[in-house]
Amino acid sequence: MILVPVTLILVALGIVLFSWAVKNGQYDDLEGPAHRILYDDDKDLIPDDARQDKATTRDSRKSANPPEDDRNA
C-alpha cells in the first residue's frame, strides 16, 4: 500500500532532477572532454628523446647557445 506512493514520488523526483540537469547544460557537450584529454598540452613534461616532434623550443635554445667549451675557444 505504501510502495505505490513512494514509487511515484521517486519517479517524480527523478524527472525533476533530469529536467534541472538539462536546463543547466549538463548534457550540452558529451564528447568534448573525452576528445580533449587526447590532445597533449604539456610538451615541457615530455623528455626530449621521447617527443614525436623534434623541433622544439629547447632544441632551438641549444643551437643558439653553444656549450661553454666552444665559446671560450
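How many Å should the 21 residues of H1 span at 1.5 Å a residue, and how far apart are its end C-alpha atoms? Keep the question in mind while looking at the whole model, which is predicted.

**Whole chain.** Select the protein chain and show it as a cartoon. Four helices and zero strands appear, in the order α-α-α-α from the N terminus on. Of the 73 residues, 5% count as buried. The accessible surface comes to about 7,100 Å², and carbon and sulfur atoms account for 62% of that area.

**Confidence.** Colour the chain by pLDDT. The mean is 77, with 64% of the residues at 70 or more. Among the elements, helix H1 (residues 3-23) has the highest mean pLDDT, 97, and helix H3 (residues 57-64) has the lowest, 53. Where pLDDT is low, the predicted coordinates should not be read in detail.

**Helix H1.** Select residues 3-23, which make up H1. Here the opening question can be settled: the expected span is 30 Å, and the end C-alpha atoms are 30 Å apart, so the two agree. Step just past H1 to glycine 25, where phi is positive, at about 80°.

**Nonpolar patch.** Now select Ile2, Leu3, Val6, Leu10, Leu13 and Leu17 and show their side chains. These residues form a nonpolar patch on the surface, and together they have about 620 Å² of accessible area. An α-helix has 3.6 residues a turn, so residues three or four places apart point the same way.

**Leucine 17.** Finish on one of the patch residues, Leu17. Leucine 17 lies in helix H1. Is leucine 17 buried, partly exposed or exposed? Its relative accessibility is 49%, so leucine 17 counts as partly exposed; the cut-off for exposed is over 50%.

Definitions and conventions:
Residues numbered from 1 in each chain as written. Heavy atoms only, no water. pLDDT = per-residue confidence, 0-100. Helix = DSSP H or I, 4+ residues; strand = E, 2+ residues; numbered from the N terminus. Expected span 1.5 Å × (residues − 1). Buried < 20%, exposed > 50% of the residue type's maximum accessible area, 1.4 Å probe, protein only. Areas by Shrake-Rupley, 256 points an atom, 1.4 Å probe, with all protein chains shown as cover. Patch = residues over 30% accessible without salt bridge, like charges linked within 9 Å, V, L, I, M, F, W, Y side chains within 5 Å. Salt bridge = Lys/Arg side-chain N within 4 Å of Asp/Glu carboxyl O.
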